[in-house]
Amino acid sequence: MDSCNPFAAEPLTSDQLLARFSALDEFLLAHQQLWRPTPFTRRQLDWESEHTELAQWLRSRSLEQAEAAHNQPQLLEAPQPFRTIAQRATQLGQICRLAGVEQPACNPRAALDVPGRKWQQLEAFGSCLHFHEKPRHWLDWCAGKGHLGRYLAQDSAALTCIERDPELVKSGQTLSDKLSIQANHIALDVMEEKARQTLTAAQTPVALHACGDLHVRLLQLASAAGCRQLAIAPCCYNRIQSTQYQALSSAAKQSRLQLDRQDLRLLQCETVTAGRRVRKQRDQSMAWRLGFDLLQRELRGIDAYLPTPPLATSWLQRPYAEYCAELAEQKQLSLGSRHDWASLEAEGWRQLAKVRNLELVRGLFRRPLEIWLLIDRALFLQERGYQVRFGTFCETRLTPRNLMLLAELPDNSLNACG
Ligand SMILES: C[S@@+](CC[C@H](N)C(=O)[O-])C[C@H]1O[C@@H](n2cnc3c(N)ncnc32)[C@H](O)[C@@H]1O
């Protein structure tokens, strides 16, 4: 595997990108059976009969043990083939920290309206934004209240923020005015045709955590408009309109790896920044659903998962019997005779421990899949003449979606818009 450095400082050559892409592609294809099926929806996974020792070992562990290994499954001393796969996943998932440059001191008032962790993300993102040309006009894409754009525009560059939610646009404009930042907050759905006209070659688009289709749209429109430079930190790759992932680059289009939305959800299964209360709620909701899953299989006489609609968290404060009755009603199932709710709930929790431990296998593939997707974006831009770099812009404790892709047209390239 390449050493880390070339991936952070210098633009990546197409050979480097393609070599890494095909190594990831091969790894993901070879182990599809391990990372595609979701333990939450299947009582038994196909690979368990092949790797019985690993399956039994994982199934015998507690929920606390699963939680402890969740963020770093590659460190788990689990039976083979876990350790061999973990080693390869670690190699392939290796990614450098982008070099950060110290930022000029900013107006302390600017930080007041930004939640603490978001502010740290902005500082980290901003510190990695070095381009050959000094940006003169920032375009904050899917900007929310425009915190990122405002943070960057303290360098006196112009600022346009695009956001669909009119409330966020209004609050964003108020915040910019309060800080005397010349910003234009525009309410616009970036998927609409007229979004194309908002981009000009003179802008430097940035997108922090724009979901699936939204950041892809930016790459397409910005490269068509001839923007000389841009930076994105993608997130929620599964938020796409199509059921199948639409590859962007020639290499990904030629790959045998066909991803659907469910596959892409693997990246969302990482809990890093959630607090204790949220984790507890998530566990209870999953355990209760798993208990209901056992019940519905019995009621229907069909040993298959049945998707159920989400219920408000207030349902978790109600007795378990009421929770199950609500789900049963939503799925038009008759509960029939009395049930032992306490045992069913306890069984749900036991199932949860198994599910969370079995998920550690899938967890090994999270970073490789994320980098595969990032390289698809990098290759797409490279095919359009951009020089690209990528790496992490902050630690995962600030956000698990901490990868950043920077692209700029080389000095000698002609600007598409003159
Ligand atoms: C995850 S938030 C990121 C906000 C901001 N970049 C940040 O990091 O704080 C995604 C934002 O995209 C906006 N959004 C979603 N769909 C959009 C669309 N079709 N057009 C424009 N904005 C959209 C949402 O309203 C939300 O504010």
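What share of the chain is helix and what share is strand over residues 128-242, and how far apart are the end C-alpha atoms?

## Annotated domain

Over residues 128-242 of this predicted model, helix accounts for 29% and strand for 27%. The C-alpha atoms at the two ends of that stretch are 32 Å apart. The stretch matches a UniProt feature, from an unreviewed entry, recorded as "domain: Methyltransferase".

## The sheet

An open sheet is formed by seven strands, with mixed pairing and the order β3-β2-β1-β4-β5-β7-β6. Its edge strands, β3 (183-187) and β6 (387-392), each pair on one side only. On average, neighbouring strands are turned by 15 degrees against each other, direction ignored.

Strands β1 (residues 137-141) and β2 (residues 158-163) run parallel and are joined by five bridges. Leu139 has Thr160 as its bridge partner in β2. Helix α7 (residues 116-127) packs on the sheet, where it touches β4 (204-211), β5 (229-235) and β7 (403-408). The direction of α7 makes about 140 degrees with that of β4. Another helix, α9 (residues 166-178), lies across β2 and β3 and runs at about 175 degrees to β3.

## Helix α5

Helix α5 (residues 82-92) has the buried residues Phe82, Ile85, Ala86, Ala89 and Leu92. Viewed down the axis of α5, these buried residues fall within an arc of 130 degrees, so they line one face of the helix. They pack against five helices named here with their ranges: α1 (14-30), α2 (32-35), α3 (52-59), α15 (341-363) and α16 (366-383).

## Aromatic pairs

The model has ten aromatic pairs. One of them joins Phe21 and Trp372 in a tilted arrangement, at 5.0 Å centre to centre with 35 degrees between the planes. Phe21 belongs to helix α1 and Trp372 to helix α16, so this pair links parts of the chain that are 351 residues apart. Both of these residues, Phe21 and Trp372, are buried.

Phe40 and Tyr305 make an edge-to-face pair, with 6.1 Å centre to centre and 70 degrees between the planes. Phe40 lies in the loop between α2 and α3, while Tyr305 lies in the loop between α13 (276-300) and α14 (320-330), so the pair ties together parts 265 residues apart in sequence. Phe40 counts as buried because its relative accessibility is 17%, under the 20% limit. Tyr305, with a relative accessible area of 28%, is partly exposed.

One aromatic cluster is formed by Trp288, Tyr320, Tyr323 and Trp341.

Note on methods. Residues numbered from 1 in each chain as written. Predicted model: local features only at pLDDT ≥ 70, side-chain atom pairs only at ≥ 80, totals over all residues. Heavy atoms only, no water. UniProt positions renumbered as here; feature names shortened; annotations may be inferred. Helix = DSSP H or I, 4+ residues; strand = E, 2+ residues; numbered from the N terminus. Buried < 20%, exposed > 50% of the residue type's maximum accessible area, 1.4 Å probe, protein only. Arc of directions from axis to C-beta. Contact = heavy atoms within 4.5 Å. Pairing = 2+ DSSP bridges. Axes fitted to C-alpha atoms, helices over the stretch in contact; angles between N-to-C directions. Phe/Tyr/Trp six-rings, centres within 6.5 Å; stacked < 30°, edge-to-face > 60°.
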